[in-house]
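Reader: Hey, could you walk me through this one? I'd like to know what to look at.

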Amino acid sequence: MKKLRSLFLMVAVFMSIAAIAQDNTVTGIVKSSENGNTISKVEIRLKGKLEVSAETDKNGKYSISVPNNSSNTLIFKHPDFDAKEINVAGKSIVDVTMVSAVRYNQYGQKVNRQELLPESRDGYITFESKDKNYKLWLDNRVYLDGATYFDNYDKN
């Protein structure tokens, strides 16, 4: 009888460990903030992983399995929208609204954007792109000018 109890206890422990280690399936719809339309081909990956785990279908729907021992943060990326990170801990349905990354110039033409990372270097504010092709820095100088005028002109 004791062996049967210990066997039952071991089975119960293994089943509880398996239940704890299960993945959480997260589903939802990805939409645009501008017009509310769904967005297809949005790549979804778990933060800390390099490979894409899921992608939205033509209706903007997605489903992804999130391990319980992970960061629980999903990253949504699309070329025409700003990337978005969302913590999905304890959630099974997460609808996402993405902001457009497309910008237009004063003539109405689409322009490409380059993200600049701000940084302070020796007290100077610098903005530099990740690929280091663009750089802008702000510095200042103080100029002092002086002049002296005398009324020493001849009155003859």
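Author: Here is a tour that goes from the overall fold to a sheet, a pocket and a few loops.

Reader: Cool. Where do the coordinates come from, and what got filtered?

Author: This is a predicted model, in which local features need pLDDT of at least 70 and side-chain atom pairs count only at pLDDT 80 or more, while totals for chains, interfaces and linings use all residues. Residues are numbered from 1 along each chain as its sequence is written, and side-chain values use heavy atoms, with hydrogens and water left out.

Reader: How many helices and strands does the protein chain have?

Author: One helix and 12 strands. These are DSSP runs numbered from the N terminus, with at least four residues of H or I for a helix and at least two of E for a strand. Along the sequence the pattern reads α-β-β-β-β-β-β-β-β-β-β-β-β.

Reader: And how much of the chain is buried?

Author: Buried residues are 21% of the 156 in the protein chain. Buried means under 20% relative accessible area, exposed means over 50%, and partly exposed is in between (1.4 Å probe, protein chains only). The chain exposes about 12,800 Å², with 52% of that from carbon and sulfur atoms; the areas come from the Shrake-Rupley method with a 1.4 Å probe, and for residues only the protein chains shown count as cover.

Reader: Ok, sheets. What's the strand order in the open sheet of four strands?

Author: The order is 3-2-5-6, with antiparallel pairing. Strand 3 (54-55) and strand 6 (81-87) are at the edges with a single partner strand each, so one side of each has no neighbour in the sheet. Two strands pair if DSSP finds at least two bridges between them.

Reader: How many bridges join strand 5 and strand 6?

Author: Five, in the antiparallel sense, with strand 5 covering residues 73-78. Thr73, for instance, has Asn87 in strand 6 as its bridge partner.

Reader: Switching to pockets. What volume does the largest one have?

Author: About 510 Å³. Here a pocket is an open set of points on a 1 Å grid over the protein atoms alone, where a 1.4 Å probe fits, with protein on both sides within 12 Å along at least five of seven lines; lining residues have an atom within 4 Å of a point. The volume is the space filled by probe spheres set on the points, which are joined across faces, edges and corners.

Reader: Which residues are closest to its centre?

Author: Of the 17 lining residues, Pro79, Phe81, Asp82, Ala101 and Arg113 are the closest to the centre of the largest pocket. Strand 6 gives the most to the lining, with three residues. By class, the lining has six nonpolar, three polar and eight charged residues.

Reader: What about backbone oddities, say the phi of Lys41?

Author: Phi of Lys41 is near 60 degrees, a positive value in a residue other than glycine. Most residues other than glycine have a negative phi. Lys41 sits in the loop between strand 1 (24-32) and strand 2 (43-46), and is exposed at 57% relative accessible area. Lys132 also has a positive phi, about 65 degrees; its loop runs between strand 11 (124-129) and strand 12 (135-138).

Reader: Last one: which residues does Gln114 touch?

Author: Leaving out residues up to four places away in sequence, Gln114 touches Ser129, Lys130, Asp131 and Tyr134, where a contact means heavy atoms within 4.5 Å. Gln114 and Lys130 are 16 residues apart in sequence and 8.7 Å apart in space, C-alpha to C-alpha. Gln114 is partly exposed, at 38%.

Key
Ala, Val, Leu, Ile, Met, Phe, Trp, Tyr, Cys and Pro count as nonpolar, Asp, Glu, Lys and Arg as charged, and the others, Gly among them, as polar.
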